[in-house]
Amino acid sequence: MIIYLLKRIAGAAVVLWAIITITFGLMHAIPGGPFTQEKKLPPAVMENIEARYHLNDPLWKQYADYVGRAAVLDLGPSYKYPGRTVNDIIAETFPVSAALGCISLCLAVGVGVAAGLAAAWYKNRWLDYALMLGATFGVSVPSFIIAALLVQLFAFTWPVLPAAMWKGPSYVILPALALAAHPTAFVMRLTRSSVLDALGQDYIRTARSRGAGKFSLLCRHALRNALLPVVSYIGPLAAALLTGSFIVESMFAIPGLGRHFVTSIYNRDYTVILGITIFYSFLIMLMNLLVDLVYPLLDPRIALKSRKGE
């Protein structure tokens, strides 16, 4: 296990270095800079600003300095927020995005798995058709459209929930529903297909012949193996939800990490773009590692196969 973890950590370091290199190159390949404005600043002022942030250094030196700082978890200062570093921005905004993401993830997994189980058990019946129709709607319609519909219905037509901001529990409901709609539909469809495949296996027929009930067949026998594809999807999904949906946070004026990422792109705030990209990539790799560690708990055959392969 220790050797496996060391290999994954080394691979993650290489991937993060590649992400930093590619992102750094793409940002500087675009004309302009973080202090480029419609009304040009006086040359002397521009020189002082570039000297302060070392933007007048050769590009290779800027890259080497940034990689060196990133190696010790220093993501640098923000160009558009004087006196604030990228570490400060992430520390302040990530808890908001994480809270919204955790609620959305619980909704997506809980509702999606339960609805997928029901659709699989009542295959080709009216409940299956109704659930799959809802899943198709959730997968097809973008999250910002669902967010706009929710605001129109529950903030204006029936004013029972606030339309925006982040001031209390009631402000979480609409953005969480909008953020969870697409992954809930995807988890539902994935669970249904996986459970249907599991219900056709020989061990399910054996359990049924021994008199196992519906609940036992679904939850004790079929669901455990059917959850493997769902767990694979939860890894990158969790990283995406925990860092916040860029569009949803902007629509609901939520002071989360996603909103700052969108703003940093508009402002050409290089360090914020790089820092959030690195943080997001790290979360994806961490979640994928956790998924790989959970696999043997759901299906011991995976651990057995890996040992035989060694």
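Okay, let's start with how H6 passes H7: the crossing is right-handed. Keep in mind as we go that this is a predicted model. The axes of the two helices, H6 at residues 143-157 and H7, come within 9 Å and cross at roughly 145 degrees. If you wonder about that pair of numbers, two packed helices are described by the angle between their axes and the distance between the axes.

So who does the touching? On H6 you have Ser143, Ile146, Ala147, Leu150, Val151 and Phe154, and on H7 the partners are Leu174, Leu177, Ala178 and Ala181. Sort those by class and you get nine nonpolar residues, one polar and no charged ones.

Now step back along the chain to H5, residues 126-140. How far apart should the ends of H5 be? With 15 residues at 1.5 Å a residue, the expected span is 21 Å, and the end C-alpha atoms are indeed 21 Å apart, so the two agree. The buried residues on H5 are Asp128, Met132, Ala135 and Gly138. Looking down the axis of H5, these buried residues fall within an arc of 120 degrees, and therefore they line one face of the helix. What covers them? Helix H4, 86-121, and helix H7, 173-199, are included in the cover. Turn H5 around, and the face away from the buried side carries the exposed residues Trp126, Tyr129, Leu133 and Ser140.

One residue on H5 I'd like to pick out is Asp128. Is Asp128 buried or exposed? Its relative accessible area is 1%, and because the cut-off for buried is under 20%, Asp128 is buried. Leaving aside residues up to four places away in sequence, Asp128 touches Ala119, Tyr122, Lys123 and Arg192.

Let's move over to H4 and look at Ile89, which is found in that helix. Ile89 counts as buried too, at 1% relative accessibility. Which residues does Ile89 touch, again not counting those up to four places away in sequence? The list is Ser78, Tyr81, Arg84, Phe94, His260 and Val272. Take Ser78 from that list: Ser78 and Ile89 are eleven residues apart in sequence, and their C-alpha atoms are 8.7 Å apart in space.

Next up is H12, residues 270-298, where I have two residues to show you. Thr277 sits in H12, and at 17% relative accessibility it counts as buried. Not counting residues up to four places away in sequence, Thr277 touches Ile19, Thr23 and Phe261. The other one is Phe282, also placed in H12. Phe282 is partly exposed, with a relative accessible area of 40%. And how far is Phe282 from Ala12? In sequence they are 270 residues apart, but in space it is 7.9 Å, C-alpha to C-alpha.

Let me finish with the whole protein. The secondary structure comes to 13 helices and zero strands, so if you go looking for a strand in the viewer, don't. Of the 310 residues, 41% are buried. And for contacts with a separation of 6 or more, residues 24 or more positions apart account for 73%. The Phe282 and Ala12 pair, at 270 residues apart in sequence, is one I'd pull up on screen. That's my tour.

Technical notes. Residues numbered from 1 in each chain as written. Predicted model: local features only at pLDDT ≥ 70, side-chain atom pairs only at ≥ 80, totals over all residues. Heavy atoms only, no water. Helix = DSSP H or I, 4+ residues; strand = E, 2+ residues; numbered from the N terminus. Expected span 1.5 Å × (residues − 1). Buried < 20%, exposed > 50% of the residue type's maximum accessible area, 1.4 Å probe, protein only. Arc of directions from axis to C-beta. Contact = heavy atoms within 4.5 Å. Axes fitted to C-alpha atoms, helices over the stretch in contact; angles between N-to-C directions. Left-handed = near helix turned anticlockwise from the far one by under 90°. Nonpolar A, V, L, I, M, F, W, Y, C, P; charged D, E, K, R; others polar.
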